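Please open the model in your viewer and keep the selection panel at hand. The stops below move from enclosed spaces to packed helices.

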Amino acid sequence: MEILRGISVTAGVAIGEAVILDAEEYRIPHRTVPEQAAEREVERLRAAIAVSIEELERQAQWMNTHFGRDAANVFTWHVGVLSDSKLQGGIESLIVDKAYSAAYATSTVMRSYQRRFLQMSDPLLVERIRDVQDIERRLLRNILGDAREDLAHLTRPAILIAHDLTPTQTARLADTLVIGVALDVGGSTSHTAILLRSWGKPSVIGLGDVSTRVSGGDTVVIDAANQLVLSDPDRPTLESYRRQEASFGRLMDEWESLRAMAAVTGDNVAIRLMSNIEFPHEAKASVEQGADGVGLYRTEFLFLHPDGPPGEEAQYQAYRAAIAGAAGRPITIRTFDLGADKYTQEKRYEQERNPMLGLRSIRYSLANVGMFKTQLRAILRASVEGDVRLMFPLLVSLMEFRQAKMTLHDAMEDLEEQGIPFRRDIPVGMMLETPAAAIQVKEFCREVDFLSIGTNDLLQYLLAVDRGNEQVSRFYDSSHPALIRVLRDVIRIAGRSQVECSLCGEMAGQPLYTLLLLGLGLRVFSMAPANIPEVKKLIRLAKISHAQRVARRALTFETARQVTNYLREETRKVLPEDPF
């Protein structure tokens, strides 16, 4: 049994066979075979090696003819690996001695090769891991043939293991039988983590090298409540986790019963629970989870398609679909937050040295006014379909907000000249995500219709910690006293200015912080739809007087650890049984 610790994205327990996306991209159907079938499996392995070598030699010859020897050497190296008697002998010994299937034995040996390359000091040799993955993929394809199952055609539940996932890959998980995810990389508020949280199944990221330590077909346990991933657990451990899995299932049923209930505290204070969505169809799903509307529609995921940014009509139809899904409830559409790790870095010939501080978000929009105005036109056209609000992201100055509003007015004039209907009085707000905006919140409150605190970016800029870098994830802590004091000041000033203030960062969906945020005066929370039932349960059991005492005490602590321990203790008093 091997145990790895990472960063939990969603709570829960998931148990299943591993599918390794980085190499196989499909499930190994059988881990072991009857002893009498070992000889047949060895023959299958040898045939697959022979076919793979033949394929590679043809590719090497073609590359040599068209691009020269240096290009062909890549495939020649692959041939050399497959021709190595030690490699073949190692795989065959697992088949004969342990009755492994040819596919599972291949995956196991190739994983050990990958770990070996990862441990090398020469960066050029470390890069060879991609070649080893390519060799594994080719071998498994030739071993399994028609028996392989890709993610879209899995026939039974599986745990997905990968180095990382793209937004597109993550979005497709909802249409598969994947029941949990474990990734090598990622931080708690990385964009992959945000999508996984919306998906709602147990996930642990930032595990380092789980994709090389687990083989396809291994039994894997994801214990997201304790930030653990276990590979090949012993029988007592597995039975214990099966009981925990059943217990968590019963808890989910309890949360399910809360969907139609209002989020009202024990002393009768109404709270609004909104959803964060990335794709139009999620608006309807979030309402079904009990959301009071959409507090944040992250539109940038429309722009991450490999074919390029969508045109005005495609955006218009996407926004209409989201508005229809909200079914008359309010929906806040944020203009695209591109740049940094999304879109622009892949398009740049020379990448920015520090993209998180570079041309991203509203800066990118104002530098690409044509693209920005196209989106604004689409949003304005859709605004007549429902209760729509518009929000600009990552502002650092009033000048940026005014420039963005000027572009909005230009788009309005264009539509007016064309006789296209739109809502002229659409509420326009800001996402407060930078220390500069927090310090100037009083000035912003004079010009915005509403504000929403984005703690994901606010915390990383406040603490100088890259929120997507698992190597510094321990410093990225929402319990930091500096953040709590900033939240207190922003919520207080917005209240005095009679400007609606919500919080749409991942912090809003973490029950650990619910009492604190209620006590600071927050009355509108926006979170991943999957988090709504648990937060609602806590709110219905809480009292504002207790929450205010919690907030006052939390503001006196000097370290994040003190804050976390205290909040956990106070939340346990309200939710003694629930994992959070």
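Which residues line the second largest cavity? In this predicted model, select Arg272, Met274, Gly295, Thr332, Arg389, Phe450, Ser452, Glu500, Ser502, Val524 and Ser526, which together form that lining. The space they enclose has a volume of about 60 Å³. If you then colour by secondary structure, you can look for the strands β11 (272-277), β16 (450-453), β17 (500-503) and β18 (524-527), each of which supplies at least two residues of the lining of this second largest cavity. Colouring by residue class instead divides the lining of the second largest cavity into three nonpolar, five polar and three charged residues.

Go next to the largest cavity, which holds about 90 Å³ of space. It has 13 lining residues, and to centre the view you can select Arg334, Glu433, Asn456, Asp457 and Arg467, the ones closest to the centre of the cavity. Here the elements to display are helices, since α8 (191-199) and α19 (455-463) each contribute at least two residues to the lining of the largest cavity. Classed by residue type, the lining of the largest cavity comprises eight charged, three polar and two nonpolar residues. The count of cavities of 30 Å³ or more in the model comes to three.

Keep α19 displayed and add helix α20 (residues 481-496), which packs against α19 at an angle of about 125°, with the two axes 10 Å apart. Because of that angle, α19 counts as oblique to α20. The handedness of the crossing of α19 and α20 is right-handed. To see the contact itself, show the side chains of Thr455, Leu458, Leu459 and Leu462 on α19 together with those of Ala482, Leu483, Val486 and Leu487 on α20. In this contact of α19 with α20, seven residues are nonpolar and one is polar, and no charged residue takes part.

Now move to helix α15 (residues 369-382), and begin with its partner α12 (residues 312-326), whose axis comes within 8 Å of the axis of α15 and crosses it at roughly 40°. Such an angle makes α12 oblique to α15. Viewed as a crossing, the arrangement of α12 and α15 is right-handed. On the α12 side, select Glu312, Glu313, Gln315, Tyr316, Tyr319, Arg320 and Ile323, and on the α15 side the residues that they meet, namely Thr374, Gln375, Arg377, Ala378, Ile379, Arg381 and Ala382. Coloured by class, the contact of α12 with α15 shows six nonpolar, three polar and five charged residues.

Leave α15 in view and bring up helix α16 (residues 398-418) for the last stop, where α15 and α16 pack at an angle of about 60° with their axes 9 Å apart. That angle makes α15 oblique to α16. The crossing of α15 past α16 is right-handed. For the contact, select Val369, Phe372, Lys373, Leu376, Arg377, Leu380 and Arg381 on α15, and then Ala404, Thr407, Leu408, Asp410, Ala411, Met412, Asp414, Leu415 and Gln418 on α16. Grouped by class, the residues of the contact of α15 with α16 are nine nonpolar, two polar and five charged. Before closing the view, highlight Arg377 and Arg381, which appear in the contact of α15 with α12 and also in the contact of α15 with α16.

Notes
Residues numbered from 1 in each chain as written. Predicted model: local features only at pLDDT ≥ 70, side-chain atom pairs only at ≥ 80, totals over all residues. Heavy atoms only, no water. 1 Å grid on protein atoms, 1.4 Å probe; cavity = no way out; pocket = protein on both sides within 12 Å on 5 of 7 lines; lining within 4 Å. Points joined across faces, edges and corners; volume = space filled by probe spheres on them. Helix = DSSP H or I, 4+ residues; strand = E, 2+ residues; numbered from the N terminus. Nonpolar A, V, L, I, M, F, W, Y, C, P; charged D, E, K, R; others polar. Axes fitted to C-alpha atoms, helices over the stretch in contact; angles between N-to-C directions. Parallel < 35°, antiparallel > 145°, perpendicular 65-115°, else oblique. Left-handed = near helix turned anticlockwise from the far one by under 90°. Contact = heavy atoms within 4.5 Å.
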